[in-house]
Amino acid sequence: MTAMSGQVWVSLISLGGVALGSMLSYLVQHRTQQSAERAEQQRQQIALSETRRAERLTLLERFIEVGAEAERAAFSRPAEFDDTHPWHRTTQDVMNRLWVAERLLRIQFPLPVHDAARAYFLDLNRTVWEGLPDGESVRDYLEDNRLAFLDAARAVMG
């Protein structure tokens, strides 16, 4: 009976070792899987952040580029023009593209950036279509709101 009792103890200890080893193996695999999932989530967040940053840079570039075209139109504004004048047709297209670019900034950026872009757009729109009083410079008139927009965009982009 003692031999039988010894064999039972050996079997129970062996079974306990297998159970303990299985449990430890499960815990290690579970922790490894959680760690891998967290790493994948971080990688996806980083990729999403980089994609959003690239989209924002593209929108800024577009707004700045079309804004520069609109400023050139303001500088070359003829004293007299009508709807059939080549300057008017070209400028209308530029101002429409600037309007769209300004609206896209509202979607992708915090309101302070959009508000600064909007102020610049409104000044530019007024300058293009209505002109400035004699003696006022287009560049000087637009400078404050242009710089405010660029500063707000830089603050957001980091």
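This briefing describes helix α2, the residue T91 and several salt bridges. The structure is a predicted model. A search of the whole structure finds 11 salt bridges, and three of them are described below, each joining two residues of one helix.

**Helix α2**

- Helix α2 covers residues 86-108, 23 residues in total.
- At 1.5 Å a residue, this helix should span 33 Å, and the 34 Å between its end C-alpha atoms agrees with that expectation.
- Several residues of α2 are buried, namely W87, H88, T91, V94, M95, L98, A101, E102 and L105.

**T91 and its surroundings**

- T91 lies in helix α2.
- This residue counts as buried because its relative accessibility is 1%, under the 20% cut-off.
- Apart from neighbours within four places in sequence, T91 is in contact with A73, V128 and W129.

**The salt bridge between D93 and R97**

- Side chains of opposite charge can pair when their charged atoms come close.
- In helix α2, D93 forms a salt bridge with R97, and their closest N and O atoms are 3.4 Å apart.
- The two residues are 4 residues apart in the helix, so about one helical turn separates D93 from R97.
- D93 counts as partly exposed, with a relative accessibility of 42%.
- R97 also counts as partly exposed, at 29% relative accessibility.

**The salt bridge between R126 and D123**

- R126 pairs with D123 in a salt bridge whose closest N and O atoms are 2.9 Å apart.
- Both belong to helix α3, which covers residues 111-130.
- R126 and D123 are 3 residues apart in that helix, and therefore about one helical turn lies between them.
- With a relative accessibility of 36%, R126 counts as partly exposed.
- D123, by contrast, is buried, its relative accessible area being 11%.

**The salt bridge between R146 and E143, and its network**

- The side chains of R146 and E143 meet in a salt bridge, with an N to O distance of 2.4 Å.
- Helix α4, residues 138-157, holds both partners.
- As R146 and E143 are 3 residues apart in this helix, they are separated by about one helical turn.
- R146 is buried, because its relative accessible area of 16% is under 20%.
- This pair belongs to a network in which salt bridges with shared partners join E71, R139, D140, E143 and R146.

Note on methods:
Residues are numbered from 1 along each chain as its sequence is written. This is a predicted model: local features need pLDDT of at least 70, side-chain atom pairs count only at pLDDT 80 or more; totals for chains, interfaces and linings use all residues. Side-chain values use heavy atoms; hydrogens and water are left out. The expected span of a helix is 1.5 Å times one less than its number of residues. Buried means under 20% relative accessible area, exposed over 50%, partly exposed in between (1.4 Å probe, protein chains only). A salt bridge is a side-chain nitrogen of Lys or Arg within 4 Å of a carboxyl oxygen of Asp or Glu. Contact means heavy atoms within 4.5 Å.
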